[in-house]
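Dear colleague,

Please find below the structure that I am handing over to you. My findings follow it, and I would be grateful if you read them with the structure open beside you.

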Amino acid sequence: MAVASFLEGHPKVARVHYPGLASHPDHKLAKKQMRGFGSMLAFDLKGGLSAARHFCDRVRLFLLAASLGGVESLVILPIYSSHYNMSLEELKLAGVEPGTVRVSMGLEDAEDLIADLKQALA
């Protein structure tokens, strides 16, 4: 939640996809169904794919990965992985922008993760 809140307030982030945030369209439903909101989220960077690639090149604590499942924090660009063969129209229908970054939080301290995100976004 700390990471999602940080990203939601960052000027280079257009949107955060995380059901724990009150701004998420399904927040009320998620709040009713969940005790916590999990450690995975996605966010759209202003500047599209080039901004997302730059961000992924700059993270230090997060690892760039093809799979989002482990104890370490990971980032991935859906446009190069799970949504690779989709047209721009199909991406839009799926809610994925060229600048969308998926994140899986690991066991690292939230402050360390936020510090890494902050320097990568700088």
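Are Phe43 and Phe55 buried or exposed? Both of these residues are buried. Before I return to them, please note that this is a predicted model, and that every value below was computed from it.

Overall fold

The protein contains 5 helices and 5 strands. Their order along the sequence is α-β-α-β-α-β-β-α-β-α. For a chain of 122 residues, a compact globule would be expected to have a radius of gyration near 14 Å, and the protein agrees with this because its own value is 14 Å. Along the principal axes, the C-alpha atoms occupy a box of roughly 35 × 30 × 30 Å.

Among the contacts with a separation of 6 or more, 64% join residues that are 24 or more positions apart. Of the 122 residues, 39% count as buried.

Surface and charge

The exposed area of the protein is about 7,100 Å², of which carbon and sulfur atoms supply 55%. There are 13 positive and 13 negative side chains, and the centres of these two sets lie 6 Å apart.

Aromatic pairs

Searching the whole structure gave 2 aromatic pairs. One of them is formed by Tyr18 and Phe37, with an edge-to-face arrangement, a centre-to-centre distance of 6.4 Å and an angle of 70° between the planes. Tyr18 is located in the loop between β1 (13-17) and α2 (27-33), while Phe37 is in the loop between α2 and β2 (40-45), so this pair ties together parts that are 19 residues apart in sequence. The two partners may be described separately in terms of accessibility. Tyr18 counts as buried because its relative accessibility is 3%, where the cut-off for buried is under 20%. Phe37 has 22% relative accessibility and therefore counts as partly exposed.

Phe43 and Phe55 form an aromatic pair that is also edge-to-face, with 5.4 Å from centre to centre and 90° between the planes. This pair links distant parts of the chain, since Phe43 belongs to strand β2 and Phe55 to helix α3 (residues 48-58), 12 residues apart. As stated at the outset, Phe43 and Phe55 are both buried.

When you open the structure, I would suggest viewing the two aromatic pairs in turn.

Yours sincerely

Technical notes:
Residues numbered from 1 in each chain as written. Predicted model: local features only at pLDDT ≥ 70, side-chain atom pairs only at ≥ 80, totals over all residues. Heavy atoms only, no water. Helix = DSSP H or I, 4+ residues; strand = E, 2+ residues; numbered from the N terminus. Rg over C-alpha atoms; globule rule 2.2 N^0.38 Å. Buried < 20%, exposed > 50% of the residue type's maximum accessible area, 1.4 Å probe, protein only. Contact = heavy atoms within 4.5 Å. Areas by Shrake-Rupley, 256 points an atom, 1.4 Å probe, with all protein chains shown as cover. Lys, Arg positive; Asp, Glu negative; His and termini not counted. Charge placed at Lys NZ, Arg CZ, Asp CG, Glu CD. Phe/Tyr/Trp six-rings, centres within 6.5 Å; stacked < 30°, edge-to-face > 60°.
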